[in-house]
Every structure is written in C-alpha cells, then in structure tokens.
Amino acid sequence: MSVTVTAWIVVGICVIAANLPFLFERVLFVWLHPSGRKGSGWQFLELLVLYFVVGGFALLLEKGAYGGIYPQSWQFYVATLCLFFVFAFPGFIYCHLWRGNRRHAVEAPHRQG
C-alpha cells in the first residue's frame, strides 16, 4: 500500500471516529445515561478516547507498512489532536445546534388563539 493511500485511510477513519460521540446517546457506546441524553463532558471524554484509539491504529499501520515508527515530538500530537477536534465539528453542529433546536421546538407548548 502506498503512503498516500494509507494517509487517506487514516484521515477517513479520523473523520468517522471524531463524529461518533455526537451521533450516539450511550456513554462510551455502552451505558445509557440516566437522563437519557449524555452531556458535553462525556462527548469530550469520548473524543479523547477515540483520538488515542485512532492514533494507536495509525501507529500500527505505520509500523506494519513502513517497518518502523518515526519519532515525533509533542507538537505533532497537539496538532493532530486539534485536527481531530476540527473533524468533529460536523457532529457537534448536528448534535448541539441542529438536532438540539428541533428537540426544544417539539417540547415547547403550542399556544392557540
């Protein structure tokens, strides 16, 4: 597999994984929150967990495909974490702004007259 194909596979997995916390209401994809809707803190924690999971997968791909892992400094990991948060933006918009407003509109009492 070429370097370009591997890089695009990792980017695609990052985009999908970054949006998962905003699409599912279960905490860490297992437990249903008692209130029925998990908060932003849980979503942020899931983002961090998924960042490390995808990062580990990317390291495995790099080691298997290229025979070794290139050493990186802390700036690389901060930049990739910020990029992971940018990839999560569509899911955030869907969950908090688009779908959140629809829930409030449905729950609001209708006035007659």
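Okay, hi everyone. When I say contact today, I mean heavy atoms within 4.5 Å. And keep in mind that what you see above is a predicted model.

Let's start with Cys14. Which residues does Cys14 touch, leaving aside its neighbours within four places in sequence? Cys14 is in contact with Val54, Phe84 and Phe87.

Cys14 also belongs to the largest nonpolar core, which has twelve residues in all. Val54 and Phe84 are in that core too, and so you'll find, among others, Val10, Phe22, Tyr51 and Cys95 on the list. Both α1 and α2 put in at least two residues each, and the largest share, five residues, comes from α1.

Now over to α2, which runs 40-66. How does its span compare with what we'd expect at 1.5 Å a residue? Well, its 27 residues should span 39 Å, and the end C-alpha atoms are 38 Å apart, so that agrees. The buried residues along α2 are Gln43, Glu46, Leu47, Leu50, Tyr51 and Val54. Four of those names should ring a bell if you look back at the core: Leu47, Leu50, Tyr51 and Val54 are in there. Right after α2 comes Gly67, with a positive phi near 80°.

Next up, the largest pocket. Its volume is about 670 Å³. There are 24 residues lining it, and the closest to its centre are Val10, Gly55, Ala58, Phe76 and Thr80. Val10 is one we've met, since it's part of the largest nonpolar core.

Which helix gives the largest share of the lining? That's α2, with ten residues. But α2 has company: α1 (3-23) and α3 (74-87) also supply at least two residues each. And what is the lining made of, by class? You get 18 nonpolar residues, five polar and one charged.

Last stop, the loop between β1 (26-27) and β2 (31-32), where Leu28 sits. Leu28 has a positive phi of about 55°, although it isn't a glycine. Phe29 is in that loop as well, and its phi is positive too, near 65°, again in a residue other than glycine.

Are these two loop residues buried, exposed or in between? Here we need the cut-offs: buried is under 20% relative accessible area, and exposed is over 50%. Leu28 comes out at 30%, so it counts as partly exposed. Phe29 has 34%, which means that Phe29 is partly exposed as well.

That's my tour, thanks for listening!

How values were computed:
Residues numbered from 1 in each chain as written. Predicted model: local features only at pLDDT ≥ 70, side-chain atom pairs only at ≥ 80, totals over all residues. Heavy atoms only, no water. 1 Å grid on protein atoms, 1.4 Å probe; cavity = no way out; pocket = protein on both sides within 12 Å on 5 of 7 lines; lining within 4 Å. Points joined across faces, edges and corners; volume = space filled by probe spheres on them. Helix = DSSP H or I, 4+ residues; strand = E, 2+ residues; numbered from the N terminus. Nonpolar A, V, L, I, M, F, W, Y, C, P; charged D, E, K, R; others polar. Expected span 1.5 Å × (residues − 1). Buried < 20%, exposed > 50% of the residue type's maximum accessible area, 1.4 Å probe, protein only. Core = buried A, V, L, I, M, F, W, Y, C linked by side-chain atoms within 4.5 Å.
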